[in-house]
Structures are given as C-alpha cells and as structure tokens.
Amino acid sequence: MAIKRSWAEPYKIKMVEPVYITTEAHREKVLAEAGYNTFLLRSEDVYIDLLTDSGTSAMSDRQWAGLMMGDEAYAGSRNFYHLEETIQKYYSYKYIVPTHQGRGAEHILSQILISKGDYLPGNMYFTTTKLHQELAGGTFVDVIVDEAHDSESLFKFKGNVDLNKLEALIDKVGANKIPYVCIATTVNMAGGQPISMANLKQVRELTSKHGIKIIHDMTRVAENAFMIQQNEAGYQDKSVAEIVYEICALTDGATMSAKKDAMVNIGGFLAVNDPDLFDKARNMVVVYEGLHTYGGMAGRDMEALAIGITESVQDAHIRARVGQVKYLGEQLLKTGVPIVKPIGTHGVFLDAKKFLPHISQDKFPAQTLAAEIYLDSGVRAMERGVVSSGRNAETGQHNFPKLELVRLTIPRRVYTQAHMDVIAESVSNVYERRDSIKGMKMIYEPEYLRFFQARFEKL
Ligand SMILES: *Cc1c(COP(=O)(O)O)cnc(C)c1O
C-alpha cells in the first residue's frame, strides 16, 4: 500500500511581514468609505489580500540576492544577457525585447502586427490584450470552446480553442485579415483554465496551413504545463520544464507579464523568432519603454526575473502552487459553496449567481459578495462580473456576462494553509447567511475600466 504524503511547500520562511486583523466595526466604516469597491480599500485595512496574483508573489532568497547583482549600465547590462539566455533555454524563443510589464509588450506587438480592419481570434479575451488590439485597429474574436462559459462543466481543458469557430472565421474574413491567433496559457478570464497540448497542436496545424502566426500570452504557462502533466495522456512522465518548452516551441512569439508565473513584482517581455519582427520591435521599444537591453526594467529587475523563470518551471514549486489553490477550492466545495469547476490554477472563482440567486444581475451580485467577504473577515477579493464587463458601446446598457464571479486569487509563496482555512471559513460563513444579503446600486461610474473606481451603496 502506498504511504500517504501530502504536498508541502518546497521552501521554508526566512522573513515575515505582519498582517493585522481589524474589527468588524472598522471594516464596516472603511468599506463604506471605499464605496463598497475592494479596489478602493487601503492595503493596511486588508487581512488576507486575494485581489490579484499579479506582482504580489514572494521572491526567493536567490532572487533577492540577484537584486544586489544588478548591472545598471544604460546599455548592454549583463543581467539582460542572463535574462535572454534564460528565456531561450526555458521558453525556446530566439529574440527578446524587455518591457516594463505585460501590457508594454502587448502594445509593441499590436502596433507592429495589426493593421486597421484585422481580426484577432483568441481563447477568450484579456482586458489589456483586447484593448491594445483595438487601439491598433483590430477586432477581437472569441474562439474558445463553449465549455469555458459554463461554470458547471467539468471539462479539463476549458482553455481549448474551438477549431470550428476558428476555421469559420478564416473562411469568413480570409487569412490575410488575421495576422495572428492569440493563445493564452492559462485562460485568466475563464477561471484559470488550461489549454491541452493536443489542441494547441491542432491550432498550429490549422494556422500553418493558412500562414497565420500564433502569439502566446504566456503569463501562466508553467501552471498550464502542470495541468497538462496531470491530466493529458502521454505527459505524466515529462517534467513541467519540458512541457513549458514544448508549448512555447509550437508558437511564433510571446508576450509575457512576468508579474505572474515568474514571481517578480514588476517586469515583462516580448519574444519572437522572426528576425524582421524583432528588428521592428527593437525600433519601437526605444520610443515607449527604454533601450532594447532594458525595456522598462532596471538591471536588478532583469536578474530577479531570470532567476524567477528558472524557479517557476520546477515541478516541486508548481505542484505546491497549484496544490494550494486546489486545497482552498476543495475546502469550499465541502461546505457547498458554488465555485467554478474544475478548480483553476491561480485562484478560486465563486459563482455569485448561484451564491446569491435572489439578487438580480443589475444589482451586482459579485460586487456585493466581494464586499460581504471583506466585511466578514478582512479577506479582499475581486469582482469579475457585470461591473468588469462594462457597457455596450452602442446601446449604453450594461453587458450582462454569463459568468458573474468573485475571484479569490492566490499570490505565489505568500500565504499558508492556515490562511486558506480562514478564507474558506469566512466564505462559508457568508454563504450561511446569504439570504439576508441585499444587492447594491452604483452611485459613481467612471468612463473607462469602471470596475477599478466605481462606487456603490447598499440597497
Ligand atoms: C496580467 C495579464 C496581462 C497583462 O500584464 P500586465 O503585466 O498586468 O501589464 C496580460 N494577459 C494576461 C492573461 C494577464 O493575466
């Protein structure tokens, strides 16, 4: 009989940062002051911060040591060459342009590849990616499988592309109107769901036939690779590093937000294999980010990033990272809390429509739920529902998305299993008193990306 061995963190803690539990009266007061929007809370008033996993991860002692090795030369910093070698080694891409974060890379890529009237198919949209495509004159087209929009579907690869949808678009607009297909690993807006290697290979085959590029939004590629290792036939004996390399090698280039997988607080890059594209990107980066050997990063940032990439593809690391998220999801499932299934890789997504079925979508159930969780315990979550979806540009009406979610996003290497227990207890507690919760009305609405600064009042 196999001996039971739980997963545990492959590190020990050397330095701690205190967090404080506030009183309910204090939370009530600051929440009202913040217009019931968790983005407007001060971090000091938060006990466990699950707003995002972006730039919030803990660096290792190796990464901190790397900061001291920063070569801050304006041109040709040795840290750039270390970063370049690391990206070539683990991600396969030949040419690298550093940027200040992911959207800096998206900006440059969109400007050099997209012409007015082009179409950009993708496995679901991401806010900044889509906006940069639109600013360059393109139109995003969602070609993700239908299962991605269904929180109950147990399909293991909800990040897959529906090849029929992609083929139909190519037939309709013509391959010359599609500069590239954007493939995200994993799909953030679908709840941290992976794409399978088999599906990516099919996308590669179809796009190659039509001379269309694949651009990889590789923000969480190691998490995606882990899910392939766990769930796709033929990958059980491959390391996460090998699978990451194989994914990247199937694509023509990538944009990276290093604030996620690669565990730095700021940074990103654009990577391509085509020397002409590289030339164009290198010309543009000096206008918007900085010289081509630092982009928007200091030498020390590039060093910490190179080390972070190496750590991010280690099996022991990624197993514990995704294992912690899964642990939280399973605790919630035990008490009947409705969540998106299967559990994603970077967070647990609460299904607010099922959690608060008596609150109609125009009374902002996910926004309300995020506020109630904060009130209960000081745990900060984020709305991903009607507020995040904004309004229809033509009719001026709210967009009502199928998925009305609250995201509990877990930073990497920051919180312990005991924190996960507290989060689960708090969400379950709110679930038990759900019938007494009423919706909200919006009293201030900014024009762009309203979820960041909108204000609400309790009904
Ligand atoms: C965060 C993110 C981006 C944008 O990166 P930033 O570093 O925040 O600019 C792009 N795509 C996905 C999937 C992301 O999660």
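**Domain interface and salt bridges in a predicted model**

His216 is buried, at a relative accessible area of 0%. Here buried means under 20% relative accessible area, exposed over 50%, and partly exposed in between (1.4 Å probe, protein chains only). The structure is a predicted model: local features need pLDDT of at least 70, side-chain atom pairs count only at pLDDT 80 or more, and totals for chains, interfaces and linings use all residues. Residues are numbered from 1 along each chain as its sequence is written, and side-chain values use heavy atoms, with hydrogens and water left out.

His216 lies in strand β6, residues 213-217. Strands (E, at least two residues) and helices (H or I, at least four) are DSSP runs, numbered from the N terminus. Residues up to four places away in sequence are not counted among the contacts of His216. Those contacts are Tyr93, Ile183, Thr185, Val221, Ile247, Cys248, Thr251, Gly253, Ala254 and Thr255. Contact means heavy atoms within 4.5 Å.

The chain divides into two domains, with bounds from an automatic or database domain assignment. Domain 1 comprises 24-53 + 315-458, and domain 2 covers 61-312. Taken over C-alpha atoms, the domain centres are 27 Å apart. Domain 1 gives 24 residues to the contact, and domain 2 gives 31 residues.

The size of an interface is often given as the accessible area lost when the parts come together. Domain 1 and domain 2 bury about 2400 Å² between them. Carbon and sulfur atoms carry 55% of this area. The value is the accessible area (1.4 Å probe) that the two parts lose on being put together, summed over both.

Across the interface of domain 1 and domain 2, 17 residue pairs are in polar contact, both residues at pLDDT 80 or more. A polar contact is a pair of N or O atoms within 3.5 Å; within protein, one must be able to donate a hydrogen and the other to accept it, and residues adjacent in sequence count only if both atoms are side-chain atoms. On the side of domain 1 that touches domain 2, α12 (315-334) and β9 (347-351) each supply at least two residues. Helix α12 gives the largest share, 6 residues. This side of domain 1 holds 8 nonpolar, 4 polar and 12 charged residues. Ala, Val, Leu, Ile, Met, Phe, Trp, Tyr, Cys and Pro count as nonpolar, Asp, Glu, Lys and Arg as charged, and the others, Gly among them, as polar.

The whole structure contains 26 salt bridges. A salt bridge places a side-chain nitrogen of Lys or Arg within 4 Å of a carboxyl oxygen of Asp or Glu. The interface of domain 1 and domain 2 is crossed by 6 salt bridges. Glu223 and Arg412 form a salt bridge at 3.1 Å, N to O. Both residues belong to a salt-bridge network that also includes Asp53, Arg220 and Arg321.

Lys14 and Asp61 pair at 3.2 Å, N to O. This salt bridge links distant parts of the chain, 47 residues apart. Lys14 sits in the segment before α1 (24-33), and Asp61 in helix α2, residues 61-68. Lys14 is exposed at 69%, whereas Asp61 is partly exposed at 34%.

Lys130 bridges to Glu134, with the closest N and O atoms 3.4 Å apart. The two are separated by about one helical turn, because they lie 4 residues apart in helix α5, residues 127-135. Lys130 is partly exposed at 28%. Glu134 is partly exposed at 38%.

Arg450 and Glu445 form a salt bridge with their closest N and O atoms 2.8 Å apart. Arg450 is buried at 4%, whereas Glu445 is partly exposed at 32%.
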